[in-house]
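Here's a quick walk through a protein chain and its ligand. Have the sequence and the 3D view open as you read.

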Amino acid sequence: MITTSDLTKVYRSRGREVTALDGVDLHVRPGEVYGVIGRSGAGKSTLIRCLNLLERPTSGTVTVDGQDLTALAGRGSRAGAPLRRSRTRIGMIFQHFNLLSARTVRGNVELPLEILGLSRRDRARKAAELLDLVGLADHARAYPAQLSGGQKQRVGIARALAGDPKVLLSDEATSALDPETTRSVLRLLRDLNQQLGLTVLLITHEMDVVKSVCDSAALMSGGRIVESGPVADLLATPGSRLAHELFPLDGGPSAPDHTVVDVTFHGGTAARPVISQLARRHEIDVSILGAAMDTVGGRQVGRMRVELPGRFEENVVPIGFLREQGLTVEVVAPEDAARSAAGSATELAGEGTR
Ligand code: ADP
Ligand code: MG
């Protein structure tokens, strides 16, 4: 549904150059909720603005629903109309909602419909339908100032859906909201994704957002995508930075010659019985240094950091046992074992997540 190829954006201001996007290849499949995460300045907002050509890429292509938008934008002024038409197929919502304060809720939702040239009657009908869809039918006559943050974002969503988009882009749309309101807005996005088959690309710095709604995710750093793929696959990939961001674990070995591993378990596999089986069968004192558990894409996923007494070489059999049980095992300490394991895992990840 969304593909970028070698997308680059260089900002030039006052003789200074900033490479905000540095060869981004993004692939978002139809009907998925795709999360983009990364630190401030990573290039996330630039990427999303390039996807609907609010920002003109320096080089590379953007294809949405089979249409090469960069080609449309490049064809001079006469291409304005086709680009505008294609843009109505891409909705966008923002962190600070960007509503017009002098217009009512209905007036805000009708704005894109006016630009599309709908008659007054059609606008009213469509706006009523959209407000119903986002649960704001009773607030059509209210002004933005009279609404809560969550309600304002629902108006933003209704407005974004006015052109019947196939794609919804969201730049930190829940970052200004409290946790409960965030959950309800995410639930709405998930419902729209499922009911309308809407493809959603959302930027967030909140890992909970990725865990609760995203099918796939990409991690950006320094204008590049450093990791991407289905969230479930990333969680099962040893050495995945995204997995570590989603389920951070810390803690080192209690003695320098002990081995520490991170174990990831999914759905059917419960970790505790496996760990206690390991302790019994191999008669070793396993200690759990930390654990994080959550529901990802409707499935229970967890990570656990476990210390095994003895050096890495002595733990090859126990680690093999954990892997046989279907768990992903990543060596954290000792460092040399972790490094060599991470090296081969990175190669695997590079192939598996492309
Ligand atoms: P993010 O959304 O991940 O925080 P941005 O895409 O906003 O990152 O910014 C990426 C980089 O591009 C940053 O270094 C930022 O300072 C720079 N940048 C963003 N917009 C502009 C602009 N209009 N002019 C110059 N530099 C910009
Ligand atoms: Mg940003």
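## Where the two domains meet

Bear in mind that this is a predicted model. Let's start at the seam: 18 residues of domain 1 are in contact with 15 residues of domain 2. As for who's who, the domain assignment puts domain 1 at 2-235 and domain 2 at 241-353. Going by C-alpha atoms, their centres sit 37 Å apart.

Put together, the pair buries about 1600 Å², and carbon and sulfur atoms account for 64% of that.

## What crosses the interface

How many salt bridges does the rule find across the interface of domain 1 and domain 2? There are 2. To see a salt bridge in your viewer, pick Asp 294 and Lys 211: their closest N and O atoms are 3.5 Å apart. On the domain 1 side, the elements giving two or more residues to the surface that touches domain 2 are α8 (207-213), β9 (216-221), β10 (224-230) and α9 (231-235). Sorted by class, that side has 11 nonpolar, 3 polar and 4 charged residues.

Polar contacts show up here too, with 4 residue pairs counted between the two domains, both partners at pLDDT 80 or more.

## Around ligand 1

Now zoom in on the ligand. The residues surrounding ligand 1 include Tyr 11, Val 18, Arg 39 and Arg 49, plus Gly 43, Lys 44, Ser 45 and Thr 46.

A few polar atoms are worth clicking on. Thr 46 has a polar side-chain atom 2.6 Å from a ligand 1 oxygen, and Ser 45 has one at 2.9 Å from an oxygen of the ligand. With Ala 42 it's a polar backbone atom, 3.2 Å from an oxygen of ligand 1.

Key
Residues numbered from 1 in each chain as written. Chains lettered and ligands numbered in written order. Predicted model: local features only at pLDDT ≥ 70, side-chain atom pairs only at ≥ 80, totals over all residues. Heavy atoms only, no water. Domains from an automatic or database assignment. Contact = heavy atoms within 4.5 Å. Buried area = accessible area lost by both parts, 1.4 Å probe. Salt bridge = Lys/Arg side-chain N within 4 Å of Asp/Glu carboxyl O. Polar contact = N/O pair within 3.5 Å; in protein donor to acceptor, adjacent residues only side chain to side chain. Helix = DSSP H or I, 4+ residues; strand = E, 2+ residues; numbered from the N terminus. Nonpolar A, V, L, I, M, F, W, Y, C, P; charged D, E, K, R; others polar. Near = heavy atom within 4 Å.
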